[in-house]
Amino acid sequence: MKQDFFKYQAQTTPHPLAIEVSYATGSYIYDTNNKKYLDFVAGVSACSLGHKHPRVIRAVKNQLDKYLHVMVYGEYIQQPAVELTKLLASHLPHPLEKTYLTNSGTEAIEGALKLARRVTGRSQIIAAKLAYHGNTMGSMSVMGYEERKQAFRPLIPDTSFITFNDEKEIQQITHKTAAVILETIQGGAGFIEPKYEYLKKVKKKCQEVGALLILDEIQPGFGRTGTLFGFQHYGIVPDIVVMGKGMGGGLPIGAFTASTTMMDQLQDNPKLGHITTFGGNPVIAAAALATLQEITESDVMAATLEKEKLFRSLLVHPLIKEIRGLGLMLAFITPSAEITNQVILKCQDHGLILFWLLFEPLAVRITPPLTISESEIREGCQIILTALDQILDNKI
Ligand SMILES: Cc1ncc(COP(=O)(O)O)c(C=O)c1O
C-alpha cells in the first residue's frame with residue numbers, strides 16, 4: 001500500500017508520517033502490522049470523542065438506514081441538520097442562533113467572510129499575523145504567514161494584518177472594516193491564548209466602527225478547552241462564530257453561526273449567493289448531533305481542565321521549556337526545531353502519536369481525544385519523557 005500511496009495519492013509534504021492504518025478505536029490507532037499507537041493528536045483535534053465512539057457510530061448507522069444525500073443544502077427539511085442546528089443554538093449565547101452547515105472548516109470561514117461583506121457592505125478584512133483559517137483562496141488570504149501563501153498570489157484584496165494581543169494595533173480597525181477575524185486561541189502560531197481583555201477590546205472597537213468580529217473556533221471549539229467554545233472563557237460574544245474539526249466526531253463538517261437578522265441576509269440579494277451541495281449532509285449531521293449531545297450531556301468537557309493539570313504535572317523535563325494552551329489544546333515547547341522533530345519521530349517509533357504546529361517549529365502538539373483516560377495520559381507522557389531523556393543523553 002505504501003508504494004501506491006506515494007505513487008497515486010497527492011501529498012502535502014515530501015515526508016508524510018505514513019503510518020499504514022488498519023483500524024482505530026478509543027484512544028488508539030493500529031497499523032497493518034498490528035502495532036498500537038496511543039493517539040495524542042486526534043486527527044489534529046478532529047476526533048473529539050476518540051475513534052469510533054459508540055454513540056457516533058450508532059447515529060451514523062441509523063441514518064445510513066434511512067437516507068443519504070437527497071438534495072442540495074437548505075432546500076429539503078432533514079431531521080439531522082435541523083436537530084443539530086437547533087441544539088447548537090440552545091448552547092450558544094444570544095444572538096448566535098442561526099447556523100449554516102458546510103463540509104469543512106475552510107468553507108465555513110469562506111461563508112463567514114462573505115456574510116461579513118454582505119452585512120456591512122464593506123470589503124476590508126483584518127486578520128492576525130500568524131493566523132491560520134484554512135487553505136482555500138479566501139481563507140488563505142487571511143492567513144498571517146506570507147511564506148506559505150506567496151506562491152498562490154494574487155489572493156483576495158483588501159486584507160490587512162494586526163499583531164494578536166497587541167492593543168495598540170486595534171486602532172487599525174476603522175469604519176472601512178467589514179470584519180476582524182481571529183482565532184480565539186491562535187493554533188498554528190503556537191497555541192497562543194488571548195491576553196486578558198484583548199478580545200473584549202477588539203469587540204468594543206468593532207462595535208464602535210460597525211465592523212463584525214468573527215471568531216474561528218475550529219480548533220478550540222466543541223469542548224476542547226473545557227467550555228463548548230473557547231470564547232466563553234473571555235467574556236465576549238462574537239458576531240459570527242466558525243466551527244469545524246471536532247464538531248463531526250470524526251466526519252467532515254464545518255459551520256458558521258450568527259444572529260438570525262444577519263444570517264437571513266444570505267437568502268436574498270442575490271438569492272443563491274452562498275450555496276453548497278453537500279453541506280448539512282444527513283449522515284454527517286447525524287454524527288455531529290450525536291457528538292454535540294455526548295459532549296454536552298457527559299462530563300468529558302469539564303474533565304478536560306483536570307486532564308490539562310495532569311499533563312502539566314507529568315510533563316516536567318529540562319527539554320520542555322514551556323507548556324502552552326488550555327484544556328486539551330496543549331503544546332510543549334522544546335529548545336530547538338531539531339529536538340521537536342526528534343521527539344515526534346521517536347515517540348511514533350515508541351507507539352505514541354504527536355504532531356507539529358503549522359508555524360511554530362519549536363512546538364509539539366498534544367490534542368488527544370477529550371475521552372482520553374488518566375492512565376492513557378500517564379502512559380503517553382512516560383513515552384515522551386523517555387524520548388526526551390534519550391535525546392538529552394545523546395547530546396551529552
Ligand atoms: C483554526 C483553524 N481554522 C480553519 C481550519 C481549516 O479547517 P479545514 O481543514 O477543515 O478546512 C483549521 C484546520 O486546521 C484550523 O485549525
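**Unusual backbone geometry, a small sheet and the overall fold**

Pro 154 is found in the loop between α7 (146–149) and β6 (159–162). Here, helices (H or I, at least four residues) and strands (E, at least two) are DSSP runs, numbered from the N terminus. The model is a predicted one, in which local features need pLDDT of at least 70 and side-chain atom pairs pLDDT 80 or more, while totals for chains, interfaces and linings use all residues. Residues are numbered from 1 along each chain as its sequence is written, and side-chain values use heavy atoms, without hydrogens and water.

The peptide bond that joins Arg 153 to Pro 154 is cis, and its omega is about 5°. A second cis bond runs from Asn 269 to Pro 270, again with omega near 5°. This proline, Pro 270, also sits in a loop, the one between α9 (260–263) and α10 (282–297). For a newcomer, these bonds are worth a look because most peptide bonds are trans, just as most residues other than glycine have a negative phi.

That brings the text to phi. Glu 197 has a phi near 75°, a positive value in a residue that is not glycine. Glu 197 belongs to the loop between β7 (177–183) and α8 (198–209). With a relative accessible area of 28%, Glu 197 is partly exposed; buried means under 20%, exposed over 50% and partly exposed in between (1.4 Å probe, protein chains only). Phe 222 is not a glycine either, yet its phi is positive, at about 60°. The loop that holds Phe 222 lies between β8 (212–216) and β9 (240–243). Phe 222 counts as buried, since its relative accessibility is 1%.

Turning to the strands, four of them form an open sheet with mixed pairing, in the order β1-β2-β3-β13. At its edges are β1 (21–25) and β13 (352–353), each of which pairs on one side only. Two strands are said to pair if DSSP finds at least two bridges between them. Strand β3 (residues 36–39) runs parallel to β13, and the two are joined over two bridges. One residue contact can be followed by eye here: Leu 38 has Leu 352 of β13 as its bridge partner.

Helix α11 (residues 300–314) offers a simple check on helix length. Its 15 residues should span 21 Å at 1.5 Å a residue, and the end C-alpha atoms are 20 Å apart, which agrees; the expected span is 1.5 Å times one less than the number of residues. Buried positions are spread along α11: Val 300, Met 301, Thr 304, Lys 307, Glu 308, Leu 310 and Phe 311. Lys 307 and Glu 308 are thus among the buried residues of this helix.

Taken as a whole, the protein chain has 13 helices and 15 strands. Its radius of gyration is 21 Å, close to the 21 Å that the globule rule gives for 396 residues, so the chain is as compact as a globular protein of that length. The radius is taken over C-alpha atoms, and the rule is 2.2 Å times the number of residues to the power 0.38. Along the principal axes, the C-alpha atoms fill a box of roughly 65 × 55 × 45 Å. Of the 396 residues in the chain, 53% are buried.
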